Amino acid sequence: IKYFFAYHDIMDTPWDLTLKEYIPKVQKSSGKKSFYLTIAELITKVNDGHAWCINGQVSNEIGSSLSIRMGYAENRTIITKIPDSISCYLGLYAGDEILEINGVNIEERRNNLGKYIGGSNKNSINSNINFYILGLKYNESFVIKVKDPLGIEKIIDSKYDSLLFSK
């Protein structure tokens, strides 16, 4: 980074200070999961939309959003595209606003993911977070609270299993 990274000027913190902060964190990592999550967190500090640490350990921690596409505008997370089969199975539709996932407010979820998912600016960070915002994990149950475009709230209680996975 120090010698081959062209965008030192857009980093929030100088690289030397970031490295000094993260070397002890990496050394204190206890196991693969902790190590890769620490590396993912470190990578966000370079403010580069092309720098990621998404592997099995990180993906298992943050989950996925299936084939559901999200948008983020005016502090709202909106479903922009969802396959018909998943839409029918779950009762989620394009235009629904995600309010909570497994009891966690959507903004809190965004903040938690922002620790591990970076980008070059606020818009790219939010766009990258959209891919993982639902945090679904195979073979686990989930509860999603949404509000439809008419303002009606509903709760989706399901499981990310082979039925949903095959959609």
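A residue counts as partly exposed when its relative accessible area lies between the limit for buried residues, under 20%, and that for exposed residues, over 50%. The legends below describe close-up views of a predicted model.

**Figure 1. The aromatic pair F35 and Y36.** One aromatic pair is counted in the model. The ring centres of F35 and Y36 are separated by 5.1 Å, and the ring planes meet at 75°; the pair is therefore edge-to-face, since planes over 60 degrees apart fall into that class. F35 has a relative accessibility of 31% and is therefore partly exposed. Y36 is likewise assigned to the partly exposed class, because its relative accessible area is 28%.

**Figure 2. Surroundings of T38 in helix α2.** Helix α2 spans residues 32-44 and includes T38. The relative accessible area of T38 is 11%, so this residue is buried. Setting aside residues up to four places away in sequence, T38 is in contact with Y22, K25, V26 and S29. Two of these neighbours, Y22 and K25, are shown again in the next view.

**Figure 3. The charged end of K25 over the ring of Y22.** The charged end of K25 is placed over the Y22 ring, at 4.4 Å from the ring centre. Both K25 and Y22 also touch T38.

**Figure 4. The salt bridge between E41 and K115.** Seven salt bridges are present in the structure. In the one shown here, E41 pairs with K115, and the closest N and O atoms are 3.9 Å apart. E41 belongs to helix α2, whereas K115 lies in the loop between α5 (106-114) and α6 (122-130); the pair therefore ties together parts that are 74 residues apart in sequence. E41 is buried because its relative accessibility is 13%. K115, in contrast, has a relative accessible area of 39% and is partly exposed.

**Figure 5. The salt bridge between K147 and E97.** The closest N and O atoms of K147 and E97 lie 3.9 Å apart, and the two residues form a salt bridge. K147 is located in strand β5 (residues 141-147) and E97 in strand β3 (residues 97-101), so that parts 50 residues apart in sequence are tied together by the pair. The E97 side of the bridge is buried, at 9% relative accessibility. K147 is partly exposed, with a relative accessible area of 28%.

**Figure 6. The salt bridge between E153 and K145, and a salt-bridge network.** The side chains of E153 and K145 form a salt bridge with an N to O distance of 3.4 Å. E153 is partly exposed at 45% relative accessibility, and K145 is also partly exposed, with a relative accessible area of 23%. Elsewhere, E21, K25, E41 and K115 are joined into one network by salt bridges that share partners.

**Figure 7. The largest pocket and its lining.** The volume of the largest pocket is about 230 Å³. Its lining comprises 13 residues, of which E61, I62, R109, N112 and L113 are the closest to the pocket centre. Two elements, α3 (56-62) and α5, each give two or more residues to this lining. The greatest contribution comes from α5, with three residues.

Terms used:
Residues numbered from 1 in each chain as written. Predicted model: local features only at pLDDT ≥ 70, side-chain atom pairs only at ≥ 80, totals over all residues. Heavy atoms only, no water. Helix = DSSP H or I, 4+ residues; strand = E, 2+ residues; numbered from the N terminus. Buried < 20%, exposed > 50% of the residue type's maximum accessible area, 1.4 Å probe, protein only. Contact = heavy atoms within 4.5 Å. Salt bridge = Lys/Arg side-chain N within 4 Å of Asp/Glu carboxyl O. Phe/Tyr/Trp six-rings, centres within 6.5 Å; stacked < 30°, edge-to-face > 60°. Lys NZ or Arg CZ within 6 Å of the ring centre and 35° of its normal. 1 Å grid on protein atoms, 1.4 Å probe; cavity = no way out; pocket = protein on both sides within 12 Å on 5 of 7 lines; lining within 4 Å. Points joined across faces, edges and corners; volume = space filled by probe spheres on them.
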